[in-house]
Amino acid sequence: QVQLVESGGGLVQAGGSLRLSCVASGSTFSINAIGWYRQAPGTQRELVAVISDGGFTNHADSVKGRFTISRDNAKNTVYLQMNSLKPEDTAVYYCKADTLFEGSVMDYWGEGTLVTVSS
């Protein structure tokens, strides 16, 4: 199993920055990729950015040029640097680990961290 804990959310004015952290523990060797997702009230959860164990990254069009996903393997931590924040970025941000262990694929989610961007 993998446990994920997000942190770094908060209230920020439009144009400001935040850095979210996702710390993984447990069977971290089984993680293939970690992604950041977000869900605003009344909307579906959407992918924001993902980073693979090989370091490949992908960012949603809505955040390209503003958000950057990165990782520190020594700390088992994935970051989401968010710059030039907009009110529409307001959401609960979750990280998800995609794992493969003994042929079984499993996803693990953290409990989320709230980001509120005021106009």
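Here is a short walk through this predicted model, from a sheet to a pocket and then to one residue. Residues are numbered from 1 along each chain as its sequence is written, local features need pLDDT of at least 70, and totals for linings use all residues.

Let's start with the open sheet, whose four strands (DSSP runs of at least two residues, numbered from the N terminus) follow the order E1-E3-E8-E7 with antiparallel pairing. Strand E1 (2-7) and E7 form the edges, each pairing on one side only; a pair needs at least two DSSP bridges. From one strand to the next, the twist averages 20 degrees. Look at E7 and E8: six bridges join these antiparallel strands, and Ile69 has Leu80 in E8 as its bridge partner.

Both strands turn up again in the lining of the largest pocket, where E4 (31-39), E5 (46-52), E7 (67-72) and E8 (77-82) each supply at least two residues. E4 gives the most, with four residues. A pocket here is an open set of points on a 1 Å grid where a 1.4 Å probe fits, with protein on both sides within 12 Å along at least five of seven lines; lining residues have an atom within 4 Å of a point. This one holds about 210 Å³ of space, the volume being that filled by probe spheres set on the points. Of its 15 lining residues, Ile31, Ile34, Arg71, Asn73 and Val78 are the closest to the centre.

Finally, find Phe101 in strand E9 (residues 91-101). Its C-alpha atom is separated by 9.6 Å from that of Gln1, 100 residues apart along the chain.

Methods
Predicted model: local features only at pLDDT ≥ 70, side-chain atom pairs only at ≥ 80, totals over all residues. Heavy atoms only, no water. Axes fitted to C-alpha atoms, helices over the stretch in contact; angles between N-to-C directions.
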